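The following report concerns the protein shown below. It takes up individual helix positions, then the pocket, the hairpin and the overall composition.

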Amino acid sequence: MAGGYDIMRIRMNNPYIESADLRSEYGSLWTEFAKEQARMWRIRNELGEGAQINPGSLTDVPIVRSAISEIVHAETEYLKTKQSDYQQEKLFLQRGVRQGDDEIRVLSEQQKKEEEGFQSDLDELQKATDLYGKGALTSPRVTDARRAVLLSSTRRLQTSAQLLQVKKQQDEFARKLAKLDDQRRLDLLRELQETSVKLNQTREKLQSVGEKLQYTAMVRSQLARGASNKPEIAIVRKGDKGSERIIASEDSELQPGDAVEVSLRYQDRLDAPPRRLSSSNTPSETDRADATGNDALRVGSR
């Protein structure tokens, strides 16, 4: 009638299944912890604050060595790839700055020559106009001189516009080059912060799952021992002189009006208070089941 000493009385799932699930979660969390540790070391290495990653650095992580080696290898290759990409980006910007300097020098020289040519054509036009005014030159010659001035002026403007464009591009390359290191450091610091938060969260989860595993192992061990860990049974019986407490066993017969107390002590944790299992469906520190008939009631049947 009381229901026996089953796992429902301790208000949890089957400890054997629960323990298997918790062990799986525990192993996954340790793998995640090792991954975040390797990631943090990789970031610190990029920042110039840490040493080279090696599998021996994760000796305190209880996972297989092959998994640790794979984690470290992945982070090492990722580090090499990021550093290579950073160096290539930096070289590209530096090369762009140098090419811009060369183009600016060439265009400046060209602009100078175009200015000289424009001034020469302008002088020729002035001479042709004067001669035409004196009647010493025909109008087609003046028209050709004007066309030459227009052409040289157009080339001069094109060279100036191209020079301005190259200077603008040069400023952009120089700005990107100056910003490259700062932006890289900002990204790494942000990634380091996120990794640190995730590492702390994983550490807290590990502690929580570890405590659950200990408790589940304690309950599983208690159930596995079975009869070797006897429950403490007492009968509270009302008599002429009042209530009296009688030490009993599972085979003790009850009388009408008796109340039964059953206590199970978990020996795995001696400092823990005894857990009392209710003989009814309502949990309390000490529950009692009344015998209301003359028939014997066997308590604690499994």
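Glutamine 158 counts as exposed, because its relative accessibility is 52% and exposure is assigned over 50%. This glutamine is found in helix α3 of what is a predicted model. Along the chain, glutamine 158 and glutamine 111 are 47 residues apart, yet a distance of 9.1 Å separates their C-alpha atoms.

Two further positions can be described in like terms. Aspartate 171 also lies in helix α3. With a relative accessibility of 54%, aspartate 171 is likewise classed as exposed. Its C-alpha atom is separated by 9.1 Å from that of glycine 100, a residue 71 places away along the chain. Arginine 184, again a residue of helix α3, has a relative accessible area of 22% and is therefore partly exposed, since the partly exposed class lies between 20% and 50%.

The C-alpha separations are collected here.

| Residue pair | Separation along the chain | C-alpha distance |
|---|---|---|
| Glutamine 158 and glutamine 111 | 47 residues | 9.1 Å |
| Aspartate 171 and glycine 100 | 71 residues | 9.1 Å |
| Arginine 184 and leucine 47 | 137 residues | 9.2 Å |

Which residues does arginine 184 contact, once its neighbours within four places in sequence are left aside? The contacts are with Glu46 and Tyr86. Both of these residues, together with Arg184, appear in the lining of the largest pocket.

**The largest pocket**

This pocket holds about 210 Å³ of space. Its lining consists of Glu46, Thr81, Lys82, Asp85, Tyr86, Glu89, Leu180, Gln183, Arg184, Asp187, Leu188 and Glu191. Two elements, α2 (65-134) and α3 (139-225), each give two or more residues to that lining. The greatest contribution comes from α3, with 6 residues. By class, the lining comprises 7 charged, 3 nonpolar and 2 polar residues. The spacing of several lining positions may be read against a general property of helices. An α-helix has 3.6 residues a turn, so residues three or four places apart point the same way.

**Helix α2**

Helix α2 contains 70 residues, and its span from first to last C-alpha is 102 Å. That span is close to the 104 Å expected at 1.5 Å a residue. After α2 comes glycine 135, which has a positive phi near 80 degrees.

**The β1-β2 hairpin**

How are strands β1 and β2 oriented with respect to each other? Strand β1 (residues 232-239) and strand β2 (residues 242-248) run antiparallel and are joined by 7 bridges. The two strands form a hairpin, with 2 residues between them. Within this pairing, isoleucine 233 has alanine 248 of β2 as its bridge partner, and arginine 237 stands opposite glutamate 244 in β2. In a regular strand the side chains alternate between the two faces of the sheet.

**Overall composition**

The protein has 3 helices and 5 strands. Their order along the sequence is α-α-α-β-β-β-β-β. Of the 302 residues in the protein, 32% are buried. When contacts between residues at least 6 apart in sequence are considered, 72% of them join residues at least 24 apart.

Definitions and conventions. Residues are numbered from 1 along each chain as its sequence is written. Side-chain values use heavy atoms; hydrogens and water are left out. Two strands pair if DSSP finds at least two bridges between them. Helices (H or I, at least four residues) and strands (E, at least two) are DSSP runs, numbered from the N terminus. On a 1 Å grid over the protein atoms alone, a cavity is a set of points where a 1.4 Å probe fits but cannot get out, and a pocket is an open set with protein on both sides within 12 Å along at least five of seven lines; lining residues have an atom within 4 Å of a point. Grid points are joined across faces, edges and corners, and a volume is the space filled by probe spheres set on the points. Ala, Val, Leu, Ile, Met, Phe, Trp, Tyr, Cys and Pro count as nonpolar, Asp, Glu, Lys and Arg as charged, and the others, Gly among them, as polar. The expected span of a helix is 1.5 Å times one less than its number of residues. Buried means under 20% relative accessible area, exposed over 50%, partly exposed in between (1.4 Å probe, protein chains only). Contact means heavy atoms within 4.5 Å.
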